[in-house]
Amino acid sequence: MKKFFWILLFLIGTLWAGHAISQAQGEKEIPKETLTSIGPQLADQFTFEPFTPPMPDHLWMKADPDKMIFLHFAKPVSEKDNRLIFVGDGVKGRFCAEDQPAGGRTGYVHFHASTVAKGHEHGHGGEKAQEGFWLRHVAVGEFDMMKMHFKPGIAHNFMPPPPPKCK
């Protein structure tokens, strides 16, 4: 529970900083009380763990049996001075071209196997037809990571493993 407290404190701070920026850009004002209440609501929901081994820099929420949403941080969620870098969603499927939603055109370009397959670092990609999730990452700021540059919006270039044809 301690790690959730720090994560939520961080999220509230991030939202408050974003609030100040959005006001400068003429966007809708969000009351401070609303921003403060978001943290506890999120902590109660982001308890799903879809992958073995777990990914320490992510929090997951099961949206329905075949879908989830996630928060992706710059470093493990238990570390201080962290920052949220992506939000996203995932759709359950197999590592097959036929299972990739819209062939990746809608942003589901990264596949993560439920269990790490031999030879597939950290579960990225997988064996042909292996079960897992197709993930869509949405950058919440502008930054560089993994020798790639990201801007706010859908990250169509987020580690897209080429899926095999399974049929």
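Where in the chain does Ala 129 lie? In this predicted model, Ala 129 is found in the loop that runs between strand S4 (110–113) and strand S5 (131–139).

**Backbone features**

The phi angle of Ala 129 is near 70°, a positive value in a residue other than glycine. Ala 129 counts as partly exposed, because its relative accessibility is 29%, and partly exposed residues fall between the 20% and 50% limits. Met 146 also has a positive phi, near 55°. Its place is the loop between strand S6 (143–145) and strand S7 (148–150), and with a relative accessibility of 37% Met 146 counts as partly exposed. The values for these two residues are set out below.

| Residue | Phi | Relative accessibility |
|---|---|---|
| Ala 129 | near 70° | 29% |
| Met 146 | near 55° | 37% |

Another backbone feature is a cis peptide bond, which joins Thr 52 and Pro 53 with an omega of about -5°. Pro 53 belongs to the loop between helix H2 (32–45) and strand S1 (58–64).

**The disulfide**

A search of the whole structure finds one disulfide. Cys 96 and Cys 166 form this link, and their sulfur atoms are 2.0 Å apart. The pair links distant parts of the chain, 70 residues apart: Cys 96 lies in the loop between strand S3 (84–94) and S4, whereas Cys 166 lies in the segment after strand S8 (153–154). The link of Cys 96 and Cys 166 is left-handed, with -95° about the S-S bond. Cys 96 counts as buried because its relative accessible area is 0%, and the limit for a buried residue is under 20%.

Methods:
Residues numbered from 1 in each chain as written. Predicted model: local features only at pLDDT ≥ 70, side-chain atom pairs only at ≥ 80, totals over all residues. Heavy atoms only, no water. Helix = DSSP H or I, 4+ residues; strand = E, 2+ residues; numbered from the N terminus. Buried < 20%, exposed > 50% of the residue type's maximum accessible area, 1.4 Å probe, protein only. Disulfide = S-S within 2.5 Å.
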